[in-house]
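Subject: Structure handover

Hi,

Here is the structure I promised to pass on. My notes follow below it.

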Amino acid sequence: MLLGHLGFDEVDVKERFDCFRGTSKEGVARKYGVVGVNVYARKPLSTVR
Amino acid sequence: MAHTCPVDLDTLRLRAEIESIYRRVATEPSGDFHFHRGPTYAAEMLDYDAGALARLPADSTASFAGVANPHRIAPMTAGATVVDIGCGAGMDLMLAAEAVGPGGRAIGVDMTEAMAGRARTAAKSRGLDNVEVRLGDAMSLPVDSESVDVVISNGVLNLTPDKEQAFGEVFRILKPGGQFLYGDIVVATELSESIRRNIDLWTG
């Protein structure tokens, strides 16, 4: 995942939301698996990149 | 997985389209859009605290167009400095300002003057003296390096043409040990070049 590649630690998808449900794009979102997500990441205390 | 836009995507047109759409969300939030807006959506579909939203200025919450809920990821500690990338009309920004309290700071960054103006007005109306809104771009944040404890963002960074640059900016401004509470959309399947080249699908 890009966040890890950039040096973030503890990257974790915490929660998913069906944020397009009921919109005109619901079908497209279903087709491609588009969902809202909550993601946690932390910058390390020591940042040697 | 692709992290940058196709080489022939017109990023200037993409930026103009994004500005146009979110200017309209700021001024006509009840208009016709492909995404939900407003506090009822936020409470019912994204698990925001309906009571907390009811205490915020309606002009701000009506223009909320996030896709997740950064406030559920981790608590923000009193006294912390928080940056909200793409703060829009200020709903998440004001919730962050209330969480960190008067000893903390909440700095909103938005590329759309109409949204930034709404956020400033809303924070003033709510009496939040610890809020500052800066006009700026996620690709080059107007924030000093290693100066903030928490970065939040909600439904914004997916619109940037170069994710590595945008996330690199988040990394740059966070203090060591700082937290990134990130809400956005993800796609479960790799998209074709033709889809990724279609600005209408980027913006709606």
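What share of the residues of chain A count as buried? The answer is 39% of 49 residues. Please keep in mind that this is a predicted model.

Chain A

Start with the secondary structure. Chain A has 2 helices and 2 strands. Read from the N terminus, its elements go α-β-α-β. Along the principal axes, the C-alpha atoms of chain A fill a box of roughly 45 × 15 × 10 Å. The accessible surface of chain A is about 2,800 Å². Carbon and sulfur atoms hold 50% of that surface.

Contacts next. Take those in chain A with a separation of 6 or more: 58% of them join residues 24 or more positions apart.

The two strands of chain A pair with each other. β1(A) and β2(A), residues 34–42, run antiparallel and share 6 bridges. Within this pair, A:Val13 sits opposite A:Val39 of β2(A).

The sheet

Now the wider picture. Which strands make up the open sheet, and in what order? There are 7 of them: β1(A)-β2(A)-β5(B)-β4(B)-β1(B)-β2(B)-β3(B). The sheet thus takes in strands of chain A and chain B, with β2(A) next to β5(B) in the order. Pairing is mixed.

The edges are β1 of chain A, residues 9–17, and β3 of chain B, residues 131–135. Each of these edge strands pairs on one side only. On average, neighbouring strands in the sheet are turned by 20° against each other, ignoring direction.

One helix to look at here is α6(B), which packs on the sheet. α6(B) touches β2 (105–110) and β3 of chain B. The direction of α6(B) makes about 170° with that of β3(B).

The helix pair in chain B

α6(B) also meets a helix. The partner is α1(B), residues 11–27; α6(B) itself spans residues 113–126. Their axes come within 8 Å. They cross at roughly 35°, and the crossing is left-handed.

Which residues meet there? From α1(B), they are B:Tyr22, B:Arg23, B:Val25, B:Ala26 and B:Thr27. From α6(B), they are B:Ala114, B:Met115 and B:Arg118. By type, the residues of this contact divide into 5 nonpolar, 1 polar and 2 charged.

To view it, I would begin with α6(B): that helix has both the sheet and α1(B) as contacts.

Best wishes

Terms used
Residues are numbered from 1 along each chain as its sequence is written. Chains are lettered from A and ligands numbered from 1 in the order in which they are written. This is a predicted model: local features need pLDDT of at least 70, side-chain atom pairs count only at pLDDT 80 or more; totals for chains, interfaces and linings use all residues. Side-chain values use heavy atoms; hydrogens and water are left out. Axes are lines fitted to C-alpha atoms, for helices over the stretch in contact, and angles run from 0 to 180 degrees between N-to-C directions. Helices (H or I, at least four residues) and strands (E, at least two) are DSSP runs, numbered from the N terminus. A crossing is left-handed if the near helix is turned anticlockwise from the far one by less than a right angle, and right-handed if clockwise. Contact means heavy atoms within 4.5 Å. Ala, Val, Leu, Ile, Met, Phe, Trp, Tyr, Cys and Pro count as nonpolar, Asp, Glu, Lys and Arg as charged, and the others, Gly among them, as polar. Buried means under 20% relative accessible area, exposed over 50%, partly exposed in between (1.4 Å probe, protein chains only). Accessible areas come from the Shrake-Rupley method with a 1.4 Å probe; for residues, only the protein chains shown count as cover. Two strands pair if DSSP finds at least two bridges between them.
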